[in-house]
Amino acid sequence: MTQFSVGESDFLLDGRPFRILSGALHYFRVNPDRWADRIEKARLMGLNTIETYVPWNAHSPRPGTFDTSGMLDLERFLREVAAAGLYAIVRPGPYICAEWDNGGLPAWLFREPGLGVRRYEPRFMAAVSEYLSEVLRIVRPLQVSAGGPVLLVQVENEYGAFGDDPTYLKAVAELIRGAGITVPLVTVDQPVDAMLAAGGLDGVLRTGSFGSRAAERLETLRRHQPTGPLMCMEFWDGWFDHWGGPHHTTSVAEAAAELDALLAAGASVNIYMLHGGTNFGLTSGANDKGVYRPTITSYDYDAPLDEAGHPTSKYHAFREVISRYATVPDDVPASGTAAPETSAALGSPLRLLADPWGVWSEHVQMPTLDELDARLALFRTEVAAQGAVLLSVGEVRDRAYVFLDGAPVGVLDRERHDRALMLPHGGQLEILVEDQGRVNYGQRIGEPKGLIGPVQLDGVELTDWSACAIDLDSVPSMWNDLPAASRTTGVGPTAWRALFDVAEPVDHFLSTVAWGKGFAWVNGFNLGRYWRRGPQQTLYVPGPLLRSGTNELVVLELDVMADPVAHFVAGPDLGPFEL
């Protein structure tokens, strides 16, 4: 039986010093048929371990459910790690951050008034207990002591940046231990005294998250961890992007030098990210530190393996650094090839306002998106006014498209702190409200979505709303259900469809540069959001989603589509970069 433990100065594998050389690879951001490829490339880079978060909200979109199908098959992922001869680190949270919607916490948690999130509160702890029991039921038989790959399990995530409730942290650790986890537990915090103090737990190994100044950061960590191995649980080798900002990259030479310094100090490491993957569907999060910034669909992260899994110059530089401290396989993965290029015209669109897709409900006051259990919803009421009137709301979360008698009037955008616009006259008022991603870091986690506070007309609350929650998962199939009379070239939110042929199911890149803002599906799978403002101008289409022959593309355009043609291009366009 293999034993893994924390020694006085090293991790110990069967009593011998063992340095963890890990790379972050989130199974839920990568097509399952590509997991083995990414894991093998990690091995060829010289890594011996794969780390992953576990997103509670993806596995449990509804209370009492725990989905492990498809991209959520954690057991299959861990077994593929083991099959490659590597070890694993599992970080189940319950909070994960990860630039993931709501930091991985289910939105339904926050619908119960007064529930205390990320603290020792009975209702929250009951939900956490149920979640962790499901995750750890998978992990328990896959621990290294049972012949599996799992070396470490993490307690919470960067808790010192959020709160200071040692009772809560201890309770989470006890839940993990109570579920049969016997491998060492760890916490992670930024190497700041206050954070390490608030986020640490006696008897649990503290680790750090940083991407530079290794000696200084490790010294700070050592003050809070007098004995035991030093580990950087998140060695930041790149960064994420938000809509309207630059595409972030980091200097290959500087990143390699920082990794070298970390390994020279004898520390273990988890490279964050080895391969970022993609925020498919509506899974990307957001940040709000005074200005709301939603995260883009690509999670390329300027990682050693790019969004499509191709080795980059950073991959080869990191591999060379690792070879100074560990044996690296002789084989080197091949460079990526260009994707096939093709085009297909999008057919006549279906207009959302003309034939809304969903079930209508009646409300005196405008409900939030949470009350409708929706990420996109259409609201309708009548405005009795002879002349211009001021439409105002308390707060917009996150984007509202305003129409009067079917004609666009304007957009209220959270990022700009918009709260009001003029309506030129009375008529049928329609507002399409979009959730662009829940905040994943800080105190605004879990806040309600939609139009918050009263919706008013010249200071008087508007009432008698009809609301239609739009089920985005069913958009591709609805194309066939709606009558041909709905087809229009009119303005406003519209759905488009194209059929395109591929010779073989290899990776493609869908250009969105001539489109406005919306979502795209290939063969019923939601590729994610696109937006004209960039920086990202392509959507990654994993080859396993395609089939040889005819394939279907459906696009839901919320703004204006300048060129109703689907162009598949040779490679990604993630926009202008920032060093």
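Val389 has Leu423, in β23, as its bridge partner. That contact belongs to the pairing of β19 (residues 389-392) with β23, an antiparallel match held by 4 bridges. Keep in mind that this is a predicted model. Below is a quick tour of the strands, rings and charges.

**The open sheet around β19**
- β19 and β23 are part of an open sheet of 4 strands, which reads β23-β19-β26-β27 and pairs in the antiparallel sense.
- β23 (420-423) and β27 (460-461) are the edge strands; each has a single partner strand, so one side of each has no neighbour in the sheet.

**The parallel strands around β6**
- β6 (residues 87-91) is largely enclosed by the rest of the structure, because 4 of its 5 residues are buried.
- On one pairing, β5 (residues 49-53) runs parallel to β6, with 5 bridges between them; Ile50 is matched with Ala88 of β6.
- β6 also pairs with β7 (residues 150-154), again in the parallel sense, over 3 bridges.
- Within that pairing, Ile89 finds its bridge partner in Leu152 of β7.
- To get from β6 to β7, the chain goes through helix α4 (residues 122-139), making a right-handed β-α-β crossover.

**Aromatic pairs**
- If you like ring contacts, there are 27 aromatic pairs in the structure.
- Trp236 and Trp239 make an edge-to-face pair, with 5.8 Å centre to centre and 75° between the planes.
- Both members of that pair are partly exposed: Trp236 has 24% relative accessibility, and Trp239 has a relative accessible area of 36%.
- Phe500 and Phe568 make a tilted pair, at 4.5 Å centre to centre and with 35° between the planes.
- Phe500 sits in β29 (residues 494-502) and Phe568 in β35 (residues 565-569), so their contact ties together parts that are 68 residues apart in sequence.
- Phe500 and Phe568 are both buried.

**An aromatic cluster**
- Trp236 and Trp239 also turn up in one aromatic cluster, together with Tyr53, Phe240, Tyr272, Tyr299 and Tyr301.

**Charges over rings**
- Arg118 puts its charged end over the ring of Tyr95, 3.7 Å from the ring's centre.
- Lys517 does something along those lines with Trp531, lying over its face at 4.4 Å from the ring centre.

Definitions and conventions. Residues numbered from 1 in each chain as written. Predicted model: local features only at pLDDT ≥ 70, side-chain atom pairs only at ≥ 80, totals over all residues. Heavy atoms only, no water. Pairing = 2+ DSSP bridges. Helix = DSSP H or I, 4+ residues; strand = E, 2+ residues; numbered from the N terminus. Phe/Tyr/Trp six-rings, centres within 6.5 Å; stacked < 30°, edge-to-face > 60°. Buried < 20%, exposed > 50% of the residue type's maximum accessible area, 1.4 Å probe, protein only. Lys NZ or Arg CZ within 6 Å of the ring centre and 35° of its normal. Right-handed = clockwise from strand over helix to strand, strands pointing away.
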